[in-house]
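Here is a walk through one protein chain, from its sheet pairing to its charged side chains. Have the structure open and follow along.

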Amino acid sequence: MCPRPRSPAGRARGAITFLAAAVFAAGCTGEPVGSPGAFLSPPPAPSEAETTPATPSRDRVIAQARRKIEHVVFIVKENRTFDHMYGRFPGADGATTGLTCEGTVVPLTRALSDSRGAEHSFTAGIVAINGGQMNCFDRIRGAGPGGRQPYVQFRQDQISNYWALAERFVLADRFFSSIYGPTWVEHLWIVASQSDRMVDNERVALGAGGEDGRIGGYCEDRTEWLYSFPKLSARQERDIFDLEEAGDGLAIAERYFIERWPCTDIRTLPDRLERAGISWRYYSTDSPYYQALKAIRHIRFGPMWRNVVSPDRFVPDALAGRLPAVSWLIPPTPESDHPGYGDMCAGENWTVRMMNAIQQGPDWDRTAVVLTWDDFGGFYDHVAPPHVDVYGMGPRVPAIIAGPYAKTGTIFSETAEFSSVLRFIETIFDVAPLTARDRDADDLLGAFDFRQEPLAPLMLEERTCA
């Protein structure tokens, strides 16, 4: 039987009730179906980041990587799962059917270019994962008639250029989002390997935009807020971890969510790079859901903000050989692949333009690219993420690892996440990790063969969108 919603206490009563009602509708999971997957390992004990001793063979690989790679481009798009995009890709761990909360096997029907997923908040991710059973995507708010909206999938002919990139370069089929969702906190993880306890976007419907009603000011507006965990004791972390194992996002929201101003001073990878004299640039629009660095006080109000620039600069920089050592590239919203803000064809065409520019530019033969999607978007995936701490990992997302030394046409099945890209950058440029997450993450070097003849560029043509 589903539990009755409990009344939250404190200043956030009304807003939490609004959120909890949505989660409650989604979180009635009925009888357990199947057996839990990789979602059962206990959280690691807190520890300081430290460098893992390298073996001689690893030393050689790192030395080769440092000689061959001078530029890393980290492209982050929006709201898709692996099964939703690549579930039919030959040789990959994909699925063409999904499981519902009642145990019904349903087909992953053909997606539309603008198919919308269901809710993809932090709590929705917990509900969908359901303790590793991966069977309650139909219970998320917004799952549509019969709960079938999450159970859709693209075919090769619909995303032919994304498919071509996966065929030519490396497709990662065990690459997970760092946190259960949603977008904005995932974007903190792509620069900091943490979100400083924050677990949500700012939400206009909850009045989170502050006195002016507009979200996205972050450190510029002290009246804005979003949901966060408080500072947690070990007992509280264990309680949250156990509730996540039970798929009970409602209880987590009611017991632990607090309202908090989204402005922090955590260390980020740009800080590490800046200190080491390594060039970097964060190409992004001022979207309130993408601009994570606006919430880092010392970056927003310091000289490093000069490196936060429009994505319109990326193609000219790539073609002219002006790319920094490390680039984060975030698309404009209509080309982000985000359902409801544009269609998949337009987003894929934007990616083609960016990839073509990188490959046409003079830096291609010394560049590595990681292309991924920032959260699950409310779409189905069948692979249970590792449960490493109270933040996730979240559902599996696609990732393509590209470059002249990528192992062409291979599937990369090492467990990885957004922090793995940070670990890769840290390894290439010899800077220290930020947290236990990036310290322990796979560094993606296994996706490369630095002894092979460099791959020629793969120039793709944009598709005509309906």
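Let's start in the middle of a sheet: strands β10 and β12 (residues 326-329) run parallel and share four bridges. One of those pairings puts Y283 across from L329 in β12. Keep in mind that this is a predicted model.

On its other pairing, β10 is joined to strand β11 (residues 308-309) by two bridges, again in the parallel sense, and here Y282 sits opposite V308. What about the faces of β10 (residues 280-283), covered or not covered? Both are covered: W280 and Y282 are buried on one side, R281 and Y283 on the other. That fits a general pattern, in which side chains of a regular strand alternate between the two faces of the sheet.

Stepping back, the open sheet has eight strands with mixed pairing, in the order β11-β10-β12-β1-β13-β14-β6-β15. β11 and β15 (410-412) are at the edges with a single partner strand each, so each has one side without a neighbour in the sheet. Helix α9 (residues 269-276) packs on this sheet, where it touches β10 and β12, and its direction makes about 155° with that of β12. β12 also pairs with strand β1 (residues 71-77), parallel and over four bridges, and I75 has L329 as its bridge partner there. So L329 turns up twice, as the partner of Y283 and of I75.

Now the whole chain. It holds 14 helices and 16 strands, and 61% of its 466 residues are buried. Of the contacts between residues at least 6 apart in sequence, 81% join residues at least 24 apart. The exposed area comes to about 17400 Å², with 52% of that from carbon and sulfur atoms. Helix α8 (residues 249-256) is mostly covered, with seven of its eight residues buried; among them are L250, I252 and Y256.

On to charges. Side chains of opposite charge can pair when their charged atoms come close. A search of the whole structure turns up 31 salt bridges, and here are a few of them:

| Pair | Closest N to O distance |
|---|---|
| R139 and E102 | 1.8 Å |
| R366 and D363 | 3.0 Å |
| R396 and D381 | 2.9 Å |

The R139 and E102 pair links distant parts of the chain, 37 residues apart: R139 is in the loop between α4 (122-129) and β5, and E102 is in the loop between β2 (97-99) and β3 (105-107). R139 counts as buried because its relative accessible area is 19%, under the 20% cut-off.

R366 is partly exposed at 24% relative accessibility, while D363 is buried at 7%. Both belong to a network of salt bridges that also takes in E70 and D365.

R396 and D381 both lie in the loop between β13 (367-373) and β14 (399-402), so their pair ties together parts 15 residues apart in sequence. Both residues are buried.

Which side chain of opposite charge is nearest to R155? D157 is, at 6.6 Å, and R155 is buried without a salt bridge. R155 is in the loop between β5 (152-153) and α5 (160-168). Beyond its sequence neighbours, R155 touches R88, L108, T109 and R110.

Last stop: P454, in the segment after α14 (436-440). P454 is partly exposed, at 41% relative accessibility. P404 is 50 residues away in sequence, yet the two C-alpha atoms are 4.5 Å apart. Leaving out neighbours within four places in sequence, P454 is in contact with P404 and Y405.

Key
Residues numbered from 1 in each chain as written. Predicted model: local features only at pLDDT ≥ 70, side-chain atom pairs only at ≥ 80, totals over all residues. Heavy atoms only, no water. Buried < 20%, exposed > 50% of the residue type's maximum accessible area, 1.4 Å probe, protein only. Contact = heavy atoms within 4.5 Å. Areas by Shrake-Rupley, 256 points an atom, 1.4 Å probe, with all protein chains shown as cover. Pairing = 2+ DSSP bridges. Lys, Arg positive; Asp, Glu negative; His and termini not counted. Salt bridge = Lys/Arg side-chain N within 4 Å of Asp/Glu carboxyl O. Axes fitted to C-alpha atoms, helices over the stretch in contact; angles between N-to-C directions.
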